[in-house]
Amino acid sequence: MSLPNGLTPDAAREQAARAYELDRKHVFHSWAAQSTLKPMVISAAQGSYVWDGDGNRLLDFSSQMVNTNIGHQHPKVVAAIQEQAAKLCTIAPGYANDARSEAARLIAERTPGELNRIFFTNAGADAVEHAVRMARLHTGRPKVLARYRSYHGGTETAVNLTGDPRRWPNDHGNSGVVHFFGPFRYRSQFYASTEAEESQRALEHLEQTIALEGPGTIAAIILESVPGTAGIMVPPPGYLAGVRELCDRHGIVFIADEVMAGFGRTGKWFAIDNFDVVPDLITFAKGVNSGYVPLGGVAIAPHIAATFDNRVYPGGLTYSGHPLATAAAVATINAMQEEGIVENAADIGARVIGPGLRELAERHPSIGEVRGLGVFWAIELVRDRETREPLAPYGGTSPAMTETVAAAKAAGLLLFVNFNRLHVVPPCTISESETKEGLAILDQALTLADAHTV
Ligand code: PLP
């Protein structure tokens with residue numbers, strides 16, 4: 001049977017062999033020691049599935065890099081890119097353009113509060129760079145507070161803000177970033193036994209950090225509304241409202257990084273909508289157009305935008321608001337609205353993924369905790385439920401993790417993996433039956449993890 005893009009299995013195999021050979025000769029990959037890599041070739045993708053170079057179909061519970069919120073090859077988005085390509089492929093950022101203007105309107109309409117000016121970037125990291133630059137210029141202050149257990153991107157400031165091991169080799173200690181602990185009850189820094197205690201103590205810790213760093217030196221606090229790669233730790237009630245209050249008290253800009261959590265992932269347009277909090281700046285990328293063409297940006301509150309009414313904003317990029325990328329965003333947002341895709345993410349999370357993963361936790365001793373919302377879930381794998389010893393060390397991997405992920409893949413399921421965690425982060429469009437198919441494969445694969453428990 002042909003692949004969804006019309007390739008016969010033989011043609012796909014031939015193409016895949018050449019793609020692999022050239023990749024190993026010429027492609028330099030992200031975050032990797034190059035000689036150890038054996039990248040899987042993807043020959044086709046459709047909806048919630050991808051096809052490998054041998055024509056095998058795999059259910060994509062990773063949404064690639066948690067970005068294909070609308071699924072693969074959504075026909076309305078593909079058509080919009082094709083139409084825009086025929087109409088106008090590229091234009092410099094200084095001109096106005098209908099695709100860019102409409103994308104900005106659609107995004108502004110969905111952001112909380114009055115964050116209705118949009119600065120477009122190429123992806124998430126540069127959105128973070130610009131949000132921080134705006135905050136520093138707006139406040140005239142140098143420092144930025146960011147939490148441990150976070151990811152904000154691979155560029156200079158963004159990687160310094162990052163609270164995971166990817167920062168270590170890139171950090172020269174001169175970035176003006178100060179890290180603090182956010183709430184994470186399963187591995188609490190605060191000896192908290194309830195969500196309320198965790199929230200209150202994490203806020204006290206942040207308040208102390210601000211006091212000891214000097215409130216007048218702090219431009220911004222940046223937080224993922226729900227931290228993604230770091231573990232999908234949904235903040236306890238009151239935490240983000242408390243951060244908002246601390247920012248207000250000290251004139252600090254609150255940046256919500258919604259690069260991964262935004263555009264439907266949590267069952268709301270923005271993750272921060274789950275907490276009724278309005279930040280000053282929102283960074284977005286990934287789900288804004290599902291990554292069909294690279295796009296990111298910053299949504300800006302009026303008081304920060306006003307700083308640059310009569311003062312030049314010292315930043316920009318050749319492809320800011322690129323027509324192909326913004327046309328894809330317009331089609332993505334309209335399709336998500338018309339087809340109830342954000343609502344589907346909320347429903348699948350509440351009715352199928354959450355209960356399904358909790359049921360797995362009853363039977364698999366390797367599951368220490370299940371947490372998440374929408375189509376944004378993590379399962380924390382442990383060697384010992386009592387001590388919570390992780391099944392792989394922080395920053396590393398282990399045979400137990402590798403075997404579990406390989407078993408899932410061999411049975412047709414792609415997972416997102418980080419250290420000792422498996423993330424269940426399918427497209428927001430996933431159906432109930434596809435979700436159950438994936439959970440059944442996960443159930444089988446977890447028996448390999450169980451074999452490594454005490
Ligand atoms: N911020 C968050 C929360 C992310 O998850 C990511 C990427 O995963 C980024 C920023 C960086 O985005 P990009 O890889 O598009 O530069």
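1. A residue counts as buried when its relative accessible area is under 20%, and phenylalanine 263, at 0% relative accessibility, therefore falls in that class. The model discussed here is a predicted one, and the points below concern its aromatic rings and the arginine side chains that sit over two of them.

2. Across the whole structure, a search finds 11 aromatic pairs. One of them joins phenylalanine 263 to tryptophan 269 in an edge-to-face arrangement, with 6.3 Å from centre to centre and 90 degrees between the planes. Tryptophan 269 has a relative accessibility of 15%, so this residue also counts as buried.

3. Phenylalanine 263 also pairs with phenylalanine 284, and because the planes of these two rings stand at 65 degrees, with the centres 5.9 Å apart, the pair is edge-to-face. Since phenylalanine 263 belongs to the loop between β8 (253-257) and β9 (281-284), whereas phenylalanine 284 is in strand β9, the contact ties together parts that are 21 residues apart in sequence. Both of these phenylalanines are buried.

4. Taken together, ring pairs link Phe263, Trp269 and Phe284 with Phe120 and Phe270 into a cluster. A charged group also meets a ring of this cluster, as the charged end of arginine 110 sits over the ring of tryptophan 269 at 4.7 Å from its centre.

5. A further contact between a charge and a ring involves arginine 166, whose charged end sits over the ring of tyrosine 151, 3.8 Å from the centre of that ring.

Key:
Residues numbered from 1 in each chain as written. Predicted model: local features only at pLDDT ≥ 70, side-chain atom pairs only at ≥ 80, totals over all residues. Heavy atoms only, no water. Phe/Tyr/Trp six-rings, centres within 6.5 Å; stacked < 30°, edge-to-face > 60°. Buried < 20%, exposed > 50% of the residue type's maximum accessible area, 1.4 Å probe, protein only. Helix = DSSP H or I, 4+ residues; strand = E, 2+ residues; numbered from the N terminus. Lys NZ or Arg CZ within 6 Å of the ring centre and 35° of its normal.
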